[in-house]
Protein chains: 2
Amino acid sequence: MTRSGADLALLLLGGYRTLVESVVAELAARGHDDVRPVHDFAMRAIASGADNASELGRRLAVSKQAAAKTIAVLLERGYVRRGTDPDDARRKRIEVTPLGWEVMHQGEAAFDELRAQWARRIGADELAALERQLAVLVGDDAVRPEAAGPAAHD
Amino acid sequence: MTRSGADLALLLLGGYRTLVESVVAELAARGHDDVRPVHDFAMRAIASGADNASELGRRLAVSKQAAAKTIAVLLERGYVRRGTDPDDARRKRIEVTPLGWEVMHQGEAAFDELRAQWARRIGADELAALERQLAVLVGDDAVRPEAAGPAAHD
DNA sequence: CACAATAGACAATCTGGTTGTCGAAATCAA
DNA sequence: TTGATTTCGACAACCAGATTGTCTATTGTG
């Protein structure tokens, strides 16, 4: 089969979607039917130190306004809470709640389960090779969005 | 390095984005600065037979209203034209214009060039294996959206 | 101190999607 | 053949997730 570059793009997108759809379905089945992928990614960024809207925007490579909106829905759903920063009165410090952690853990477990299924289907070595090659192609930073993507200048 | 399932998802998304961003940048550099990936996909679907809004919606797995909007922008940009269907007065037959074909060809060339670069970086065999494995994982239909995806019930 | 940079709020806007409704045309079943 | 159902495309309202631009409060710096 001759594959075009566009087919490659579609394969990559298809792979991503397959994973993400399964995970949100799994989360919905466990009662978290209002979680979107972006929420999970945002919570992980918050948990790993992006504890204010501007910083979160930078890490996710979106504008701080977009990040603030995401935080607003996370707040509303109870997945994060907000306090003040003792060192900087401009900042509102964001913190992941236990409920947020629960969703993240379930999401991670679902992702890992999917990955294990893939490993069974194509072989663990092949999957590892696939990941390694993608990492090379993408520039490994892609896994850490703060270093990649079109920076939002804000 | 231990990779989680979520990292795998990010890698796939990152790969897709890397490709698509390069291609739209390349198209923009050649004067088509108003083309979005969805436009290219839609034109290809139209060219391959989805010559009316309802059918296009089915193929792209979106609602016919969304497809109609996409067609409207393609019309406005001059990438497709619209006529009547001699056999069914309800249908408006859509056709890709020469300008549309030009964009598709340039996009395809850009994708293929990117794919060749990747092949040089990780090896042609490895890239072929990666595509083969992704195809298995995704169910090859992902390359032909008309057969996959959450159907828009309309 | 004065001024530049930063955080976050708010508004307007854009894109790409959704549902729902509708009239016109086509198809199907009695 | 005719009446019911389906399908096509148009229109409206809406939504999610982004954008840019403007504003105030606060902080850091020459």
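The following exchange goes through a predicted model and asks how its descriptions are justified.

Reader: What makes chain B and chain A a pair related by a two-fold axis?

Author: Chain B can be laid on chain A by a turn of 180° and a shift of 0.1 Å along the axis, with an RMSD of 0.1 Å. That is the relation of a two-fold axis. In general, two copies of a chain are related by a rotation about an axis and a shift along it.

Reader: How do you know that the copies meet through the same surface?

Author: Of the interface residues of chain B, 100% are also interface residues in chain A, so the two copies use the same surface to meet.

Reader: Why are H1(A) and H5(B) called roughly perpendicular?

Author: The axes of helix H1 (residues 5–29) of chain A and helix H5 (residues 98–122) of chain B cross at roughly 75° and come within 7 Å. That makes H1(A) roughly perpendicular to H5(B), because the term covers angles of 65 to 115 degrees.

Reader: Which residues meet in the contact of H1(A) with H5(B)?

Author: From H1(A) come A:Gly5, A:Ala6, A:Leu8, A:Ala9 and A:Leu12, and they meet B:Glu108, B:Phe111, B:Asp112, B:Arg115 and B:Trp118 of H5(B). By class, this contact has 6 nonpolar, 1 polar and 3 charged residues.

Reader: Why are H2(A) and H4(A) also described as roughly perpendicular?

Author: Helix H2 (residues 37–47) of chain A and H4(A) have axes that cross at roughly 90° and come within 11 Å. The angle falls in the range of 65 to 115 degrees, and H2(A) and H4(A) are therefore roughly perpendicular to each other. In H2(A), A:His39, A:Ala42, A:Met43 and A:Ile46 meet A:Thr70, A:Val73, A:Leu74 and A:Arg77 of H4(A). These residues divide into 5 nonpolar, 2 polar and 1 charged.

Reader: Which residues come nearest to DNA strand D?

Author: There are 22 residues around DNA strand D, and A:Ser63, A:Gln65, A:Lys69, B:Arg90 and B:Lys92 come nearest. The surface near DNA strand D has 11 charged, 7 polar and 4 nonpolar residues. H4(A) gives the largest share of that surface, 4 residues.

Reader: What makes B:Ala53, B:Ser54 and B:Arg82 polar contacts of DNA strand D?

Author: The cut-off is a pair of N or O atoms within 3.5 Å. A polar backbone atom of B:Ala53 is 3.2 Å from a phosphate oxygen of DNA strand D. For a backbone N or O atom of B:Ser54 the distance to a phosphate oxygen of that strand is 3.0 Å. An N or O atom in the side chain of B:Arg82 is 3.2 Å from a phosphate oxygen of DNA strand D. Each value lies within the cut-off, so these pairs count as polar contacts. The elements giving two or more residues to the surface near this strand are helix H4 (64–77) of chain A, and helix H3 (53–60) and helix H4 (64–77) of chain B.

Reader: How do you know that polar contacts reach bases of DNA strand C?

Author: A polar side-chain atom of A:Lys64 is 2.7 Å from a base nitrogen of DNA strand C, and one of B:Gln65 is 2.7 Å from a base oxygen of DNA strand C. Both values are within 3.5 Å, so the pairs qualify. A phosphate oxygen of the strand is reached as well, at 2.5 Å from an N or O atom in the side chain of B:Ser63.

Reader: What surrounds DNA strand C?

Author: DNA strand C is surrounded by 21 residues, with A:Lys64, A:Arg90, B:Ser63, B:Gln65 and B:Lys69 the closest. Of the strand's atoms within 4 Å of the protein, 58% belong to sugar and phosphate. The surface near DNA strand C has 10 charged, 6 polar and 5 nonpolar residues.

Conventions: Residues are numbered from 1 along each chain as its sequence is written. Chains are lettered from A and ligands numbered from 1 in the order in which they are written. This is a predicted model: local features need pLDDT of at least 70, side-chain atom pairs count only at pLDDT 80 or more; totals for chains, interfaces and linings use all residues. Side-chain values use heavy atoms; hydrogens and water are left out. A residue is near a molecule or strand if one of its heavy atoms lies within 4 Å of it. A polar contact is a pair of N or O atoms within 3.5 Å; within protein, one must be able to donate a hydrogen and the other to accept it, and residues adjacent in sequence count only if both atoms are side-chain atoms. Ala, Val, Leu, Ile, Met, Phe, Trp, Tyr, Cys and Pro count as nonpolar, Asp, Glu, Lys and Arg as charged, and the others, Gly among them, as polar. Copies are superposed by least squares on the C-alpha atoms of residues with pLDDT of at least 70 in both. Contact means heavy atoms within 4.5 Å. Axes are lines fitted to C-alpha atoms, for helices over the stretch in contact, and angles run from 0 to 180 degrees between N-to-C directions. Angles under 35 degrees count as roughly parallel, over 145 as roughly antiparallel, 65 to 115 as roughly perpendicular and the rest as oblique.
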